[in-house]
Number of protein chains: 2
Amino acid sequence: MPASKDLIAASATPLVLSILQQGDSYGYEIIQKIREASGGSMDWADGMLYPILHRLEKKEWVESYWGQSDSGRKRKYYKLRRSGRKALKDQRQTWTEIYALLQRLNGGPHVQPS
Amino acid sequence: MPASKDLIAASATPLVLSILQQGDSYGYEIIQKIREASGGSMDWADGMLYPILHRLEKKEWVESYWGQSDSGRKRKYYKLRRSGRKALKDQRQTWTEIYALLQRLNGGPHVQPS
DNA sequence: CCAGAATACCTAGCAGCTCTAGGTAAAGCA
DNA sequence: TGCTTTACCTAGAGCTGCTAGGTATTCTGG
(Lines give C-alpha, C1' and ligand atoms only; values in the text may rest on other atoms or scores of the structure.)
Protein backbone atom coordinates (compact mmCIF):
# COMPACT_ATOMS: atom_id res chain seq x y z
CA MET A 1 0.00 0.00 0.00
CA PRO A 2 1.65 3.21 -1.18
CA ALA A 3 1.63 6.39 0.82
CA SER A 4 -1.19 8.87 0.46
CA LYS A 5 -0.79 11.66 -2.06
CA ASP A 6 -0.65 14.54 0.37
CA LEU A 7 2.32 13.14 2.13
CA ILE A 8 4.07 12.07 -1.04
CA ALA A 9 3.74 15.63 -2.20
CA ALA A 10 4.95 17.25 0.96
CA SER A 11 7.86 14.88 1.34
CA ALA A 12 9.11 15.07 -2.22
CA THR A 13 10.97 18.35 -1.78
CA PRO A 14 12.93 17.48 1.36
CA LEU A 15 13.69 14.02 -0.01
CA VAL A 16 15.15 15.44 -3.23
CA LEU A 17 17.15 17.99 -1.27
CA SER A 18 18.43 15.20 0.97
CA ILE A 19 19.61 13.20 -2.02
CA LEU A 20 21.41 16.23 -3.45
CA GLN A 21 23.05 16.87 -0.11
CA GLN A 22 24.91 13.63 -0.62
CA GLY A 23 26.30 14.88 -3.91
CA ASP A 24 25.24 16.23 -7.30
CA SER A 25 22.81 14.05 -9.17
CA TYR A 26 20.41 14.06 -12.10
CA GLY A 27 16.74 13.30 -12.52
CA TYR A 28 16.86 9.70 -13.54
CA GLU A 29 19.33 8.82 -10.84
CA ILE A 30 17.40 10.64 -8.14
CA ILE A 31 14.39 8.46 -8.84
CA GLN A 32 16.51 5.34 -8.51
CA LYS A 33 18.04 6.51 -5.28
CA ILE A 34 14.65 7.28 -3.77
CA ARG A 35 13.40 3.87 -4.82
CA GLU A 36 16.41 2.14 -3.30
CA ALA A 37 16.41 4.17 -0.11
CA SER A 38 12.74 3.46 0.46
CA GLY A 39 13.12 -0.23 -0.20
CA GLY A 40 10.96 0.05 -3.28
CA SER A 41 7.92 1.53 -1.60
CA MET A 42 8.43 4.88 -3.27
CA ASP A 43 8.58 4.71 -7.03
CA TRP A 44 8.16 8.13 -8.59
CA ALA A 45 7.16 8.70 -12.16
CA ASP A 46 9.80 10.82 -13.87
CA GLY A 47 7.16 13.24 -15.06
CA MET A 48 6.54 14.01 -11.43
CA LEU A 49 10.14 14.71 -10.55
CA TYR A 50 11.19 17.07 -13.34
CA PRO A 51 8.68 19.80 -12.50
CA ILE A 52 9.86 19.61 -8.92
CA LEU A 53 13.49 20.03 -9.97
CA HIS A 54 12.56 23.01 -12.13
CA ARG A 55 10.68 24.58 -9.27
CA LEU A 56 13.60 24.07 -6.92
CA GLU A 57 15.82 25.75 -9.48
CA LYS A 58 13.44 28.67 -9.78
CA LYS A 59 13.55 29.05 -6.02
CA GLU A 60 17.33 29.03 -6.31
CA TRP A 61 17.65 26.13 -3.93
CA VAL A 62 19.53 24.16 -6.59
CA GLU A 63 21.45 24.94 -9.74
CA SER A 64 21.90 22.79 -12.82
CA TYR A 65 24.59 22.08 -15.35
CA TRP A 66 24.88 19.72 -18.29
CA GLY A 67 27.16 16.74 -18.04
CA GLN A 68 27.70 13.48 -19.85
CA SER A 69 27.73 9.83 -19.02
CA ASP A 70 30.67 7.65 -20.14
CA SER A 71 28.73 6.70 -23.22
CA GLY A 72 28.17 10.30 -24.15
CA ARG A 73 24.54 10.54 -23.19
CA LYS A 74 23.68 13.98 -21.87
CA ARG A 75 22.60 14.46 -18.31
CA LYS A 76 21.35 17.48 -16.44
CA TYR A 77 22.99 17.52 -13.06
CA TYR A 78 21.59 19.36 -10.08
CA LYS A 79 23.66 20.84 -7.31
CA LEU A 80 22.42 21.92 -3.91
CA ARG A 81 22.98 25.60 -3.18
CA ARG A 82 23.53 27.20 0.17
CA SER A 83 19.92 28.37 0.39
CA GLY A 84 18.78 24.87 -0.47
CA ARG A 85 20.79 23.48 2.38
CA LYS A 86 19.13 26.00 4.65
CA ALA A 87 15.71 25.07 3.30
CA LEU A 88 16.38 21.40 3.92
CA LYS A 89 17.38 22.10 7.48
CA ASP A 90 14.23 24.13 8.08
CA GLN A 91 11.99 21.52 6.57
CA ARG A 92 13.56 18.72 8.55
CA GLN A 93 13.05 20.76 11.69
CA THR A 94 9.40 21.28 10.83
CA TRP A 95 8.94 17.58 10.06
CA THR A 96 10.38 16.73 13.44
CA GLU A 97 8.07 19.13 15.23
CA ILE A 98 4.94 17.96 13.47
CA TYR A 99 5.90 14.34 13.91
CA ALA A 100 6.44 14.87 17.62
CA LEU A 101 3.11 16.65 17.92
CA LEU A 102 1.35 13.84 16.12
CA GLN A 103 2.92 11.28 18.40
CA ARG A 104 1.99 13.27 21.45
CA LEU A 105 -1.63 13.72 20.40
CA ASN A 106 -1.88 10.00 19.83
CA GLY A 107 -0.36 9.04 23.10
CA GLY A 108 2.80 7.82 21.45
CA PRO A 109 6.29 8.09 22.87
CA HIS A 110 7.58 11.59 23.43
CA VAL A 111 10.07 12.82 20.87
CA GLN A 112 12.10 15.88 21.52
CA PRO A 113 13.66 17.86 18.67
CA SER A 114 17.43 17.73 18.81
CA MET B 1 9.39 31.32 11.95
CA PRO B 2 6.28 29.32 11.07
CA ALA B 3 6.39 26.01 9.28
CA SER B 4 6.41 25.88 5.50
CA LYS B 5 3.08 25.67 3.76
CA ASP B 6 3.51 22.26 2.21
CA LEU B 7 3.96 20.63 5.54
CA ILE B 8 1.22 22.58 7.23
CA ALA B 9 -1.08 21.38 4.52
CA ALA B 10 -0.08 17.76 4.67
CA SER B 11 -0.16 17.65 8.44
CA ALA B 12 -3.52 19.36 8.87
CA THR B 13 -5.60 16.28 8.15
CA PRO B 14 -3.88 13.86 10.54
CA LEU B 15 -3.73 16.53 13.24
CA VAL B 16 -7.46 17.18 13.03
CA LEU B 17 -8.17 13.47 13.07
CA SER B 18 -5.93 13.11 16.11
CA ILE B 19 -7.81 15.82 17.96
CA LEU B 20 -11.13 14.16 17.17
CA GLN B 21 -9.79 10.83 18.34
CA GLN B 22 -9.64 12.32 21.81
CA GLY B 23 -13.34 13.15 21.65
CA ASP B 24 -15.89 15.06 19.62
CA SER B 25 -15.05 18.67 19.01
CA TYR B 26 -16.01 21.66 16.91
CA GLY B 27 -14.13 24.00 14.60
CA TYR B 28 -13.30 26.82 16.93
CA GLU B 29 -12.15 24.49 19.66
CA ILE B 30 -10.02 22.41 17.32
CA ILE B 31 -8.05 25.51 16.40
CA GLN B 32 -7.46 26.27 20.06
CA LYS B 33 -6.39 22.73 20.83
CA ILE B 34 -3.92 22.72 17.95
CA ARG B 35 -2.53 26.03 19.11
CA GLU B 36 -2.15 24.79 22.66
CA ALA B 37 -0.71 21.42 21.72
CA SER B 38 1.88 23.06 19.50
CA GLY B 39 2.86 25.58 22.12
CA GLY B 40 1.54 28.39 19.95
CA SER B 41 3.65 27.68 16.90
CA MET B 42 0.65 26.52 14.90
CA ASP B 43 -2.11 29.08 14.71
CA TRP B 44 -4.58 28.23 11.97
CA ALA B 45 -6.97 30.68 10.43
CA ASP B 46 -10.51 29.41 10.86
CA GLY B 47 -11.16 29.85 7.16
CA MET B 48 -8.53 27.23 6.58
CA LEU B 49 -10.01 24.68 8.95
CA TYR B 50 -13.66 24.66 7.91
CA PRO B 51 -13.03 23.51 4.34
CA ILE B 52 -10.89 20.73 5.75
CA LEU B 53 -13.68 19.61 8.06
CA HIS B 54 -16.15 19.66 5.18
CA ARG B 55 -13.79 17.62 3.06
CA LEU B 56 -13.31 15.08 5.84
CA GLU B 57 -17.07 14.81 6.12
CA LYS B 58 -17.39 14.27 2.39
CA LYS B 59 -14.85 11.49 2.60
CA GLU B 60 -16.94 10.06 5.42
CA TRP B 61 -14.07 10.09 7.83
CA VAL B 62 -16.09 12.26 10.23
CA GLU B 63 -19.73 13.06 10.81
CA SER B 64 -21.24 16.22 12.22
CA TYR B 65 -24.14 17.16 14.45
CA TRP B 66 -25.38 20.43 15.88
CA GLY B 67 -25.00 21.08 19.56
CA GLN B 68 -25.10 24.03 21.94
CA SER B 69 -22.85 25.64 24.47
CA ASP B 70 -24.13 26.43 27.95
CA SER B 71 -24.99 29.89 26.82
CA GLY B 72 -27.00 28.56 23.93
CA ARG B 73 -24.59 29.40 21.16
CA LYS B 74 -24.79 26.83 18.40
CA ARG B 75 -21.85 24.63 17.64
CA LYS B 76 -21.24 22.08 14.93
CA TYR B 77 -19.58 19.08 16.48
CA TYR B 78 -17.53 16.59 14.55
CA LYS B 79 -17.19 12.95 15.45
CA LEU B 80 -14.55 10.56 14.16
CA ARG B 81 -15.96 7.61 12.24
CA ARG B 82 -14.46 4.19 11.96
CA SER B 83 -13.02 4.86 8.53
CA GLY B 84 -11.50 8.07 9.86
CA ARG B 85 -9.77 6.13 12.61
CA LYS B 86 -8.38 3.82 9.95
CA ALA B 87 -7.26 6.78 7.84
CA LEU B 88 -5.49 8.30 10.81
CA LYS B 89 -3.66 5.08 11.48
CA ASP B 90 -2.56 4.82 7.86
CA GLN B 91 -1.40 8.40 7.72
CA ARG B 92 0.54 8.10 10.94
CA GLN B 93 2.21 5.00 9.56
CA THR B 94 3.17 6.85 6.39
CA TRP B 95 4.47 9.80 8.37
CA THR B 96 6.65 7.49 10.38
CA GLU B 97 8.07 5.85 7.29
CA ILE B 98 8.86 9.09 5.51
CA TYR B 99 10.28 10.60 8.66
CA ALA B 100 12.54 7.59 9.12
CA LEU B 101 13.67 7.80 5.50
CA LEU B 102 14.45 11.49 5.85
CA GLN B 103 16.47 10.86 8.98
CA ARG B 104 18.34 8.04 7.32
CA LEU B 105 19.18 10.07 4.22
CA ASN B 106 20.52 12.80 6.44
CA GLY B 107 22.60 10.56 8.59
CA GLY B 108 20.32 11.04 11.54
CA PRO B 109 19.42 8.44 14.15
CA HIS B 110 17.61 5.38 12.89
CA VAL B 111 13.91 5.27 13.63
CA GLN B 112 11.98 2.11 13.35
CA PRO B 113 8.22 2.04 12.84
CA SER B 114 6.43 0.61 15.86
C1' DC C 1 -26.37 50.71 27.85
C1' DC C 2 -23.04 50.62 24.36
C1' DA C 3 -18.77 49.30 21.92
C1' DG C 4 -15.65 46.11 21.08
C1' DA C 5 -13.79 41.59 21.73
C1' DA C 6 -14.46 36.89 21.59
C1' DT C 7 -17.09 33.04 20.03
C1' DA C 8 -18.78 30.46 16.10
C1' DC C 9 -19.91 29.50 11.65
C1' DC C 10 -19.54 30.00 6.36
C1' DT C 11 -17.91 30.59 1.03
C1' DA C 12 -15.71 32.38 -3.32
C1' DG C 13 -11.90 32.34 -5.82
C1' DC C 14 -6.98 32.65 -6.67
C1' DA C 15 -2.80 30.68 -6.68
C1' DG C 16 -0.07 26.88 -6.17
C1' DC C 17 0.90 22.26 -6.44
C1' DT C 18 1.07 17.28 -7.95
C1' DC C 19 0.97 13.98 -11.27
C1' DT C 20 -0.97 11.73 -15.40
C1' DA C 21 -0.36 11.25 -20.03
C1' DG C 22 1.64 12.32 -23.50
C1' DG C 23 6.16 13.44 -26.31
C1' DT C 24 11.51 13.27 -28.13
C1' DA C 25 15.86 11.02 -28.66
C1' DA C 26 20.09 8.32 -27.98
C1' DA C 27 22.35 4.06 -26.54
C1' DG C 28 22.42 -0.93 -25.44
C1' DC C 29 21.01 -5.51 -26.52
C1' DA C 30 19.07 -9.60 -28.67
C1' DT D 1 16.09 -4.58 -36.74
C1' DG D 2 13.26 -3.70 -32.96
C1' DC D 3 12.74 -3.60 -27.94
C1' DT D 4 14.35 -1.90 -23.56
C1' DT D 5 16.65 1.34 -20.92
C1' DT D 6 18.39 5.72 -20.19
C1' DA D 7 17.35 10.56 -20.14
C1' DC D 8 14.99 14.55 -20.76
C1' DC D 9 10.62 17.51 -21.36
C1' DT D 10 5.54 19.85 -21.11
C1' DA D 11 0.42 20.58 -21.07
C1' DG D 12 -3.30 20.48 -18.48
C1' DA D 13 -6.54 18.36 -15.28
C1' DG D 14 -7.60 18.20 -10.73
C1' DC D 15 -7.04 19.02 -6.07
C1' DT D 16 -5.89 21.87 -2.22
C1' DG D 17 -4.62 25.64 0.84
C1' DC D 18 -5.68 29.72 2.41
C1' DT D 19 -6.76 34.68 1.93
C1' DA D 20 -10.28 37.71 2.29
C1' DG D 21 -14.32 38.46 2.76
C1' DG D 22 -19.11 37.67 5.16
C1' DT D 23 -23.02 36.71 9.15
C1' DA D 24 -24.57 36.37 13.85
C1' DT D 25 -24.49 35.77 18.90
C1' DT D 26 -22.62 36.38 23.60
C1' DC D 27 -19.53 38.39 26.89
C1' DT D 28 -17.12 42.27 29.03
C1' DG D 29 -15.42 46.90 30.31
C1' DG D 30 -16.54 51.35 31.10
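Which residue in strand 3 of chain A does Y26(A) stand opposite? The partner is Y77(A). Keep in mind as you explore that this is a predicted model. Chain A has 4 helices and 3 strands, and below you can follow how these elements are arranged, how chains A and B meet, and which residues surround DNA strands C and D.

**How chain A is built**

- Starting at the N terminus, the elements of chain A follow the order α-β-α-α-β-β-α.
- Chain A contains 114 residues, and 28% of them are buried.
- Take the contacts in chain A with a separation of 6 or more: 41% of these join residues 24 or more positions apart.

**The sheet of chain A**

- The 3 strands of chain A make an open sheet with antiparallel pairing, and their order in the sheet is 1-3-2.
- Strand 1 (25-26) and strand 2 (62-68) of chain A each have a single partner strand, so they stand at the edges and one side of each has no neighbour in the sheet.
- Between strand 1 and strand 3 of chain A, the antiparallel pairing runs over 2 bridges.
- This is where our opening pair belongs: Y26(A) stands opposite Y77(A), which is in strand 3 of chain A.

**Where the two chains meet**

- On the chain B side, 25 residues are in contact with 26 residues of chain A.
- Helix 1 and helix 4 (82-105) of chain B are the elements that give two or more residues to the side touching chain A.
- That side of chain B has 14 nonpolar, 8 polar and 3 charged residues.

**Around DNA strand D**

- DNA strand D is surrounded by 26 residues, and the closest are Y26(A), G27(A), A9(B), G47(B) and S71(B).
- From chain A, helix 2 (27-37), helix 3 (46-58) and strand 3 (74-80) each give two or more residues to this surface, as do helix 1 (5-21) and helix 3 (46-58) of chain B.
- Sorted by class, the residues of the surface near DNA strand D are 11 nonpolar, 7 polar and 8 charged.

**Around DNA strand C**

- There are 27 residues around DNA strand C, of which G47(A), S71(A), Y26(B), G27(B) and G47(B) come nearest.
- Here chain A supplies at least two residues from each of helix 1 (5-21) and helix 3, while chain B does so from each of helix 2 (27-37), helix 3 and strand 3 (74-80).
- The surface near DNA strand C has 11 nonpolar, 8 polar and 8 charged residues.

Conventions:
Residues numbered from 1 in each chain as written. Chains lettered and ligands numbered in written order. Predicted model: local features only at pLDDT ≥ 70, side-chain atom pairs only at ≥ 80, totals over all residues. Near = placed C-beta within 6 Å. Nonpolar A, V, L, I, M, F, W, Y, C, P; charged D, E, K, R; others polar. Pairing = 2+ DSSP bridges. Buried ≥ 20, exposed ≤ 12 C-beta atoms within 10 Å, placed from the backbone. Contact = placed C-beta atoms within 7 Å.
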